[in-house]
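Colleague: Could you take me slowly through one topic in this model, the pairing of charged side chains? I am new to this, so please go pair by pair.

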2 protein chains.
Amino acid sequence: MADQKKMVESITSMDVDFAQWYTDVVKKAELVDYAPVRGCMIVRPYGCAIWENIQKILDEKFKATGHENVMMPLFIPESLLQKEKDHVEGFAPEVAWVTTGGAEQLSERLCVRPTSETLFCDHFAHVVHSYRDLPKLYNQWCSVVRWEKTTRPFLRTMEFWWQEGHTVHETAEEAQAETRQQLEVYAEVCEKYLAIPVIRGRKTDKEKFAGAEETYTVEAMMHDGKALQSATSHYFGDGFAKAFDITFQGRDNQLHHPYETSWGMSTRIIGAIIMTHGDDNGLVLPPAVAPIQVIIIPVAQHKPGVLEKAEELRQKLSAFCRVKTDVSDNSPGWKYAEYEMKGVPLRLEIGPRDIEAGQCVLARRDNREKTIVKLDELETKIPELLQAVHDGLYERALKNRQNRTFTATTFEEMKRLASEESGFIETMWCGDLECEMKVKEEAGLTSRCMPDEQKHIGDVCPICGKPAKHSIIWGKAY
Amino acid sequence: MADQKKMVESITSMDVDFAQWYTDVVKKAELVDYAPVRGCMIVRPYGCAIWENIQKILDEKFKATGHENVMMPLFIPESLLQKEKDHVEGFAPEVAWVTTGGAEQLSERLCVRPTSETLFCDHFAHVVHSYRDLPKLYNQWCSVVRWEKTTRPFLRTMEFWWQEGHTVHETAEEAQAETRQQLEVYAEVCEKYLAIPVIRGRKTDKEKFAGAEETYTVEAMMHDGKALQSATSHYFGDGFAKAFDITFQGRDNQLHHPYETSWGMSTRIIGAIIMTHGDDNGLVLPPAVAPIQVIIIPVAQHKPGVLEKAEELRQKLSAFCRVKTDVSDNSPGWKYAEYEMKGVPLRLEIGPRDIEAGQCVLARRDNREKTIVKLDELETKIPELLQAVHDGLYERALKNRQNRTFTATTFEEMKRLASEESGFIETMWCGDLECEMKVKEEAGLTSRCMPDEQKHIGDVCPICGKPAKHSIIWGKAY
C-alpha cells in the first residue's frame with residue numbers, strides 16, 4: 001500500500017492543476033520523452049502502441065472505401081509552396097526551412113512539409129489526364145512540421161504524426177460527398193473506438209484550413225470543458241487544381257479542372273483520449289486502442305501454482321484480447337497502481353484461494369467495479385466487460401459535455417458564461433466575421449463549428465442583433 | 001495483340017541497357033513518380049503496397065522477438081550529431097540542414113536525420129538507469145535523408161523509407177547475439193519471402209557503418225551480376241554509450257556502460273526485387289509481397305455469365321489470396337501485358353468455354369507456364385502455384401549467382417575476371433586496407449563481405465602474397 005500511495009501521490013490532481021496533471025500523466029504512463037530539439041517529442045513504446053492501434057483502425061476503414069496509401073517527399077520547394085495564395089499565407093510563417101544540403105548552399109530553399117497539398121497537386125498534375133483517371137483516392141502516413149512557439153506533448157508539437165488523405169474527383173458533388181464521408185469515418189472512430197463523443201460541424205471562414213472552400217470538423221470536449229478539434233476534412237473546390245494546373249479530358253472531350261479534398265487525424269487524438277477519459281490515478285484507455293486490454297496480476301505469486309495458473313490464463317486470453325501478465329517481484333499493490341496509471345481497462349487478480357474456487361477477480365479501470373468471475377466464463381465475460389468499459393467511458397464523457405454545454409441569447413449572457421463556466425456555449429450567429437472577432441476579443445471564445453444538428457435558439461445574432469443564419473458553438477480550445 | 005505489342009515494345013530490353021530497363025520498369029509499373037525536389041521520389045500506390053507488405057512481415061518478426069516501435073524526432077541538433085566522432089565524420093557531409101524556423105534564424109542548425117543513432121542514444125541516457133531497464137529493444141519506421149549527388153528510384157534517393165532498429169544491452173555478448181539474430185531475420189525475409197538468395201557476412205573495416213565495431217550484411221546479386229547490400233546489422237560495443245554517457249547500475253552495484261546495436265532494411269529492397277526477378281515484360285513480384293497475387297481476366301466478357309463467374313471466383317479466392325478482377329473494356333491481350341508489366345505472379349483466364357467445362361487457365365508470371373485447373377480445385381492449386389512461382393524465382397536467382405560467382409588466386413586473375421565478367425569474385429585476403437584499396441583502384445571492385453561460410457581458396461592474399469586471414473567476396477555494387 002505504501003508503494004501504491006507513493007505512485008498515486010506523484011501525479012497532480014486534475015482538479016488542482018489540469019495542465020500539470022496532463023504533463024504528469026504523459027510522463028508517468030511513459031507515453032513520451034522530451035526530445036533534444038525544443039518542442040519535438042519522442043513517442044515511447046506505450047504511446048506508439050496506442051497510435052499503431054489507431055492507425056490500424058483508420059487504415060482499414062480508408063482501404064475499405066477504396067483509398068490507397070502513397071509516400072510523398074518530406075521537402076517542398078519554396079516556389080511550389082507559393083502556388084496557392086491562401087495556402088502559402090497560412091503556412092509559410094510556421095515552416096522549417098532547409099537551406100544547406102551537404103556542403104552545398106541551396107539555390108532554392110526547401111520547406112519541411114507542414115502538410116502536403118502542394119505535393120499531391122503537383123503529382124496529380126502528372127497522373128490525371130482523363131476522367132478515366134478519376135477519382136484518385138490517396139492517403140499517406142507521415143510526420144509533418146510546424147514551427148510552434150508553445151508546445152505540449154501530443155496537443156501541439158513542432159513535429160507530429162498523422163495521416164493526410166488527398167483525393168481528386170471529376171465533379172464537385174463527388175468531392176463534397178468524399179469530404180463528408182471521411183468526416184463521418186473520423187466521427188465513427190472517435191465515438192465507437194475511442195469512446196469520445198464528438199460534434200460534427202462546419203468551420204467558419206475564419207477557422208477553416210488555408211486554401212479550403214469548406215472545412216468540416218469533429219469537435220470533442222475535454223474533461224475540463226475545453227474543446228479539442230479531433231479531425232478535419234476539407235473541400236477545396238477546384239481552387240488548388242487551377243493553381244497547380246491539374247486538368248483532365250472530360251466525358252465531353254473538353255478540358256476541365258478536377259475537384260479536391262483533404263482530411264487528417266493526428267497524434268493529437270492521443271491528447272484527446274488522455275484528457276477525455278483520464279483521472280487522478282492516471283490514464284484510462286478505451287479498450288479498442290489499449291495496448292494491453294487485460295493485465296493479469298498474480299496474488300501471493302510465491303505460492304505453488306499461482307504463476308503457472310497466471311501463465312495458463314494469459315495463453316487462454318491471448319486468443320481473444322491483448323493480455324499481459326506482470327510476474328515481476330513488485331507487490332500486487334504497486335502493480336495495481338502501475339497499470340491504473342497506464343490506463344489498462346481490466347485487471348485480472350488471481351491468487352491461491354481464487355484458484356481453489358476456480359474463479360478470479362476482474363476490476364474495471366473506469367469505475368473500479370470488481371466482479372468475481374468463474375475461470376471458464378472468462379471468454380464471454382471479458383469481451384462483455386471491455387464493452388462495458390467502453391460504454392461507461394462514452395457515457396461519462398457525454399454527460400460531461402451535456403453538463404458543460406450552455407445556450408445564450410444575449411452577448412451579455414455569453415460573456416457571463418464564458419467567465420463563469422468552462423464549456424461550450426451555443427448561440428445563433430449572423431455569419432459575419434466582425435461578430436466572431438468580437439466574441440474572441442470580449443469573451444475570449446473561438447468558434448468551434450456550426451453543428452450539423454442546427455438548433456433554433458432565437459432569430460437574431462446575439463452579438464449584433466441582425467438576423468441569424470446559423471446556430472454555432474463557441475468554446476476555449478486546445 | 002497490337003495493344004500488347006505496343007506495351008511490350010515500350011520498355012527497353014534488359015540485355016540492351018539494364019539501367020534504362022530499370023527506369024522503364026519503375027515508371028511503367030507505376031511504382032514511382034519523380035518529385036519536385038531533385039533526387040526525391042514519390043512512391044505511388046502500387047509501390048507503396050509492396051512496401052507495406054514488406055513492412056508487415058518485418059514488423060511481425062520484430063515484435064515476435066520482443067521489439068517495440070517508437071517514433072523519434074526528424075531533427076538532430078548539430079551538437080548532438082557531433083558527439084560520436086566516427087559517426088559525424090561519416091554522415092555530416094551528406095545531411096540536409098535546417099537553419100530557419102518560421103521567421104527565426106536558428107542559433108543552432110538542425111540536421112534532418114540521416115539515421116537516428118544519436119537520438120536513440122540521447123533517449124537511452126534518459127531511460128536506462130539500472131540493469132533492470134535492460135535490454136531496450138526498439139525499432140522505428142520512418143524516412144531519412146542523405147544528400148546524394150546521383151540518384152535512382154529505390155536504389156539511391158535523397159529521401160528513403162526504412163526501419164531502423166536500435167537496442168541497448170547489459171552485456172557485449174547479448175548485443176552481439178542481437179546483431180546476428182536481426183541479420184538472420186533479414187536473411188530469412190530475403191530468401192523465404194522475397195525469393196532473393198543472400199550471402200550473410202561481415203563488412204571490412206573500410207565498408208562498415210560509421211561508428212560501428214562490426215557491420216554484418218546480407219548481399220544479393222542482381223540479374224546483371226552487380227551486388228546490392230540488402231540490409232545491415234551493426235554492433236557498436238560501448239562506443240556510443242561512452243560518447244553519450246549512457247550508464248546503468250549493474251548487478252554488482254557499479255556503474256557500467258551498456259552495449260548497443262542498430263539494424264535496418266530500406267525501400268532499396270524494392271530495387272533489389274525489381275533487378276533480381278524482373279524481365280523484358282516488366283516486373284516479376286515474389287508472391288509473398290505482391291499487392292495482387294492473382295489477376296482474373298475475363299475472356300469474351302460480353303458473353304452472358306462471364307463477368308458474373310469472374311466476380312464469383314474473385315470472392316471465392318479473396319478468402320485465401322490477394323486477388324483482383326480487371327473488368328475494364330480493354331482487350332484481354334492488353335490486360336495480359338498490363339499485369340505482366342506489374343509482375344502479378346498468377347493470371348487466371350476465364351471464358352465461356354472454360355465456364356462450360358468447369359475450369360480455367362492459370363498462367364505463371366515467372367516462366368509463362370499455363371495450367372488448366374478445375375474450378376473446384378483452385379483452393380489447393382493456387383497456393384501450390386504461388387509457392388511454385390516463389391521457388392522458381394529463388395532457383396533462377398540462385399543459379400544466376402552461381403553462374404556469376406568466380407574464384408581467383410592471383411591478382412592478375414582478379415583483374416581479368418573484373419574486366420571480362422560481371423559478378424562476384426571470391427578470393428583470400430590478408431585483412432589489410434592497403435590491399436582492399438588496391439583492388440578498388442586497379443580492378444574497380446569493392447569488398448562485399450567476408451562471408452559466414454568461409455572458404456579455403458588458398459593460403460595467401462592474392463594481392464600482397466602475405467598469409468591470408470579470410471575469404472572475401474568482391475564485386476561491383478549498386
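**Salt bridges, pair by pair**

Modeller: Happy to! Let us begin with Arg156(B), which is partly exposed, having a relative accessibility of 35%. Please keep in mind that this is a predicted model.

What does Arg156(B) pair with? Its partner is Glu148(B): the two side chains meet in a salt bridge, with 3.6 Å from N to O. That distance is within the 4 Å that the rule asks for between a side-chain nitrogen of Lys or Arg and a carboxyl oxygen of Asp or Glu, so the pair counts. The idea behind the rule is simple: side chains of opposite charge can pair when their charged atoms come close. Now look at the surroundings of the partner. Glu148(B) has a relative accessible area of 15%, and buried means under 20%, so Glu148(B) counts as buried. This bridge therefore joins a buried residue, Glu148(B), to a partly exposed one, Arg156(B).

Chain A offers another pair to look at. Lys27(A) and Asp33(A) form a salt bridge through their side chains, at 3.7 Å from N to O. Here Lys27(A) is partly exposed, at 37% relative accessible area, while Asp33(A) is buried, at 5%.

What about Asp326(B) and Lys335(B), are they buried or exposed? Both of them are buried, and their side chains meet in a salt bridge of 3.9 Å, N to O.

Salt bridges can also link up into a group. In chain A, a network of them connects Glu340(A), Arg347(A), Glu349(A), Arg368(A) and Lys370(A). Try finding these five residues in the structure and tracing the links between them.

Next, let us cross from one chain to the other. The rule finds four salt bridges across the interface of chain A and chain B. One salt bridge between the chains joins Lys63(B) to Glu52(A), whose closest N and O atoms are 2.8 Å apart. To set the scene, the contact between the chains draws on 55 residues of chain A and 54 residues of chain B. The size of an interface is often given as the accessible area lost when the parts come together. For chain A and chain B this buried area is about 4,300 Å², and carbon and sulfur atoms give 65% of it.

Finally, how many salt bridges does the rule count over all chains? The count comes to 68, and among them are the pairs we have just visited, such as Glu148(B) with Arg156(B).

Methods:
Residues numbered from 1 in each chain as written. Chains lettered and ligands numbered in written order. Predicted model: local features only at pLDDT ≥ 70, side-chain atom pairs only at ≥ 80, totals over all residues. Heavy atoms only, no water. Contact = heavy atoms within 4.5 Å. Buried area = accessible area lost by both parts, 1.4 Å probe. Buried < 20%, exposed > 50% of the residue type's maximum accessible area, 1.4 Å probe, protein only.
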